[in-house]
Amino acid sequence: MAECSHSGILMGSFGTNTSSTTSFTLTGFPEMEGLQHWLAALLLLLYAVSILGNILILFIIKEEQSLHQPMYYFLSLLSVNDLGVSFSTLPTVLAALCFHAPETAFDACLTQMFFIHLFSWTESGILLAMSFDRYVAICNPLRYSSVLTDIRVAHMGISIIIRSFCMVFPLPFLLKRLPFCKANVLTHSYCLHPDLIRLPCRDTTINSMYGLFIVISAFGVDSVLILLSYVLILRSVLAIASQEERLKTLNTCVSHICAVLIFYVPMVSVSMVHRFGKHAPEYVHKLMSLVYLFVPPMLNPIIYSIKTKEIRKRLHKMFFKPKL
């Protein structure tokens, strides 16, 4: 308390917020010191798979004329977003785990936090748009081309980005108004809003309430609407007489269902661990957060490469039938 009061006096005397000169110390896995090099190598491999895989998906969709349709436009947007997630965490993860340079400036930390959460909420919106695409394709196939026109798909993509930006935009400013006079050590090798709001020595109720509001209004609403779309899809599929046709129709949704699960399951698991696993070792919390940020960008291109016939064919041509 004395330290906080002293900080407040300094703020009053000099008329500046202590946060403007604060830096943060990012942490790796000190509990697993003997495995740090192996962990760094694993993360580098995950980054390589994620970045190369998503770039490959974008290249194939651009080159294959048959993939120029709404479903693959949304997949392109998902790949761009996954690249954004990877590049948002890459600088500090490499610095903390590979180069033993854990210090990061206050403004740089807020910038990273902004982009990590921006891409997270954007991914949720993209998955919702993809579920709408599958709903129209299965429940109202005759109107698919008239409902999901190129212009409408573009408007949906822009709306998703604008929504995410508007939600995340206040977070850095809500943090910047607070004095940081505690030990500024973060529990991860990147900056997250729940981690940062533990550090100010002033009341953070507004920050916490706003964070909860945007989680419910984005992830909560999106997940409910995705679930509703699949209830309607399942009802439509069960009305099909032929079992073979049912399986064929449901097979068009498998890639999207997998993408939804690998995004929402780690996110829910992280929340459950933070809420109910407070006595779990610190490295468990860190590993769960890494899974949440690293697994979806890595697995999405792999899933779509395996389950999409057109992408599979193009990959086969590129890697197994080189031109003479």
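A search of the whole structure, a predicted model, finds one disulfide (a pair of cysteine sulfur atoms within 2.5 Å). The bond joins Cys109 to Cys191, with 1.9 Å from S to S. The link of Cys109 and Cys191 is left-handed, at -120° about the S-S bond. The pair ties together distant parts of the chain, 82 residues apart. Cys109 lies in helix α4 (residues 106-139), while Cys191 sits in the loop between α7 (170-176) and α8 (193-196). Helices here are DSSP runs of H or I with at least four residues, numbered from the N terminus. Cys109 and Cys191 are both buried. Buried means under 20% relative accessible area, exposed means over 50%, and partly exposed lies in between (1.4 Å probe, protein chains only).

Cys253 is not bonded to Cys139, because their sulfurs are 8.8 Å apart, too far for a bond. That sulfur in Cys139 is the closest cysteine sulfur to the one in Cys253.

The model is predicted: local features need pLDDT of at least 70, side-chain atom pairs count only at pLDDT 80 or more, and totals for chains, interfaces and linings use all residues. Residues are numbered from 1 along each chain as its sequence is written, and side-chain values use heavy atoms, leaving out hydrogens and water.

Three residues compare as follows.

| Residue | Relative accessibility | Class |
|---|---|---|
| Cys253 | 1% | buried |
| His256 | 3% | buried |
| Val231 | 47% | partly exposed |

His256 is part of helix α11 (residues 254-276). Its contacts (heavy atoms within 4.5 Å), leaving aside neighbours within four places in sequence, are Leu127, Met130, Ser131, Tyr230 and Tyr304.

Now the aromatic rings. Rings of Phe, Tyr and Trp (its six-membered ring) pair if their centres lie within 6.5 Å; planes under 30 degrees apart are stacked, over 60 edge-to-face, and the rest tilted. The count comes to 15 aromatic pairs. One of them, Phe106 with Phe180, is edge-to-face, at 5.3 Å centre to centre and 70° between the planes. Phe106 is in helix α4 and Phe180 in the loop between α7 and α8, 74 residues apart. Both rings belong to buried residues, Phe106 and Phe180. Ring pairs also link Phe114, Phe115, Phe119, Phe165, Phe169 and Phe173 into a cluster.

Val231 is located in helix α9 (residues 205-238).

How values were computed. Helices (H or I, at least four residues) and strands (E, at least two) are DSSP runs, numbered from the N terminus.
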